[in-house]
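Please open the model in your viewer and keep the sequence panel beside it, as this tour moves from one selection to the next.

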Amino acid sequence: LALSIKQSGYDGLAALVLWLIVAAVTQRIPRGEVRRAVALLAAGTASIVALLVAHGAISGMSRWWFAVAGYRLSGRSALAGANWGRLRETAAAAAPILGPLAATVAIAGGIALVRGGRGHRPRSSGDILSPLLWTWPLASSAAFLTGGQFHRHYWVMLCPAMAALAAVALAHMKPPRLAVILTVVVLMPALYDSIELLRLDPLSFTAAASRDARAGPNAAVASWFEQHRRPGDALYIMCASAAFYAAAHEDPPFPYLWLDGVQTVPGAAAELRALLESDANAPTYIAIYQSPHECDPSGALSRVVEERYRLFAAVAGGVRILARHDREAFLGP
């Protein structure tokens, strides 16, 4: 089911399959049981994927395939178009949470290896040396690298597997006092951040949790639009602030809600130009978050905006609101 929500949600499935392969090779599990388990996993996955493919066949297979896999394969992953600068930036935000987890795993794993010696064989999946516990972080790391953009929320993919490793490590830690100390060290950063965030109002929470400077302007533009809209009016964020539409409780007039999509999806910039040129469907207002030239470096979008829209108002945060030339009167800020 995770695959139907986010294509990088394959880490749990991949970890189970890798673990079953290891179990079959080492004969820790009878191969007949391994075959049955793999068949069940395959059947469960196939049932979901079949529904997704059926949806793709109905909505247009080429467009569906690009949305599900082609976009990452062709332009955005660790192997193509990766944003390594953002990786360094968001790693600093993730370090206080994942750093203590990794340190705990390293300490406890080292102790387990020393005590267990070469002849140690994991007795269960609750053993720190269990292959299952180590295939999951490997699969999560692969899923993490699949994205290529390395936004802050990508790091969440690594947390469950690392937390499982740390939990098993702490459960077997001796003396128990050391386990208690390390547990406090692991939990304190997440607990502190949670308390700090829960004290904030919703708008401040969003800005602090995501470090997205657009949270304030989103609220201001949404409020302005609510006050000045007329029946049938639509507002487009040029070109990217997906959260605005949630704040305004509006459906977006254009399908690509991130700057990266407008710039890299084949035909997206042309589709945006066609929308703004349309007499029937062009949005009444445009809020300028990124310049038309940044959205479409060819300059064609800038010409369309200049021909079809004029400055109409400005809201808090310096966001300019443009209106179609056929909008009758200037309403002021």
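**Stop one: the sheet**

Select Tyr285 and then Ala323, which is the bridge partner of Tyr285 in strand E4. The model you are looking at is a predicted one, and what follows should be read with that in mind. Now widen the selection to strand E2, residues 285-288, and strand E4, residues 319-324, which run antiparallel and are joined by four bridges.

Next, add the remaining strands, and an open sheet of four strands appears in the order E1-E2-E4-E3, with mixed pairing. Its edge strands are E1 (235-238) and E3 (309-315), each of which pairs on one side only. On average, and with direction ignored, neighbouring strands of this sheet are turned by 30 degrees against each other.

Stay with E3 and E4, which pair in the antiparallel sense over six bridges; to find one place where they meet, select Leu311, whose bridge partner in E4 is Leu322. These two strands form a hairpin with three residues between them, and Gly317 in the turn has a positive phi of about 90 degrees. If you colour E4 by accessibility, you will find that the strand is mostly covered, with five of its six residues buried.

To see what lies over the strands, select helix H10, residues 215-228, which lies across E1, E2, E3 and E4 and runs at about 115 degrees to E3.

**Stop two: the disulfide**

Display the cysteine side chains next; how many disulfides does a search of the whole structure find? The search finds one, and it joins Cys239 to Cys295, with an S to S distance of 1.4 Å. Cys239 lies in the loop between E1 and helix H11 (242-248), while Cys295 belongs to helix H14 (residues 292-295), so the pair ties together parts that are 56 residues apart in sequence. Both Cys239 and Cys295 are buried. For another cysteine, select Cys159, which counts as partly exposed because its relative accessibility is 22%.

**Stop three: Leu158 and its contacts**

Move to Leu158, in the loop between helix H6 (131-147) and helix H7 (159-171). Is Leu158 buried or exposed? With a relative accessibility of 13%, Leu158 counts as buried. Leaving aside residues up to four places away in sequence, Leu158 touches Leu98, Ser140, Ser141 and Phe144. A distance drawn between the C-alpha atoms of Leu158 and Leu138, which are 20 residues apart along the chain, should read 9.3 Å.

**Stop four: aromatic rings**

Keep Phe144 selected and show the other aromatic side chains, among which the count comes to 12 aromatic pairs. In one of these, Phe144 and Tyr154 are arranged edge-to-face, at 6.4 Å centre to centre and with 85 degrees between the planes. The pair links distant parts of the chain, since Phe144 sits in helix H6 and Tyr154 in the loop between H6 and H7, 10 residues apart. Phe144 and Tyr154 are both buried.

A second pair to select is Phe254 with Tyr256, whose ring centres are 5.6 Å apart and whose planes stand at 65 degrees, so this pair is edge-to-face as well. Here Phe254 is buried, with a relative accessible area of 2%, whereas Tyr256, at 22% relative accessibility, counts as partly exposed.

To finish, return to Phe144 and add Trp84, Phe150, Tyr154 and Trp155, which together with Phe144 form one aromatic cluster.

Methods:
Residues are numbered from 1 along each chain as its sequence is written. This is a predicted model: local features need pLDDT of at least 70, side-chain atom pairs count only at pLDDT 80 or more; totals for chains, interfaces and linings use all residues. Side-chain values use heavy atoms; hydrogens and water are left out. Two strands pair if DSSP finds at least two bridges between them. Axes are lines fitted to C-alpha atoms, for helices over the stretch in contact, and angles run from 0 to 180 degrees between N-to-C directions. Contact means heavy atoms within 4.5 Å. Buried means under 20% relative accessible area, exposed over 50%, partly exposed in between (1.4 Å probe, protein chains only). A disulfide is a pair of cysteine sulfur atoms within 2.5 Å. Rings of Phe, Tyr and Trp (its six-membered ring) pair if their centres lie within 6.5 Å; planes under 30 degrees apart count as stacked, over 60 as edge-to-face and the rest as tilted.
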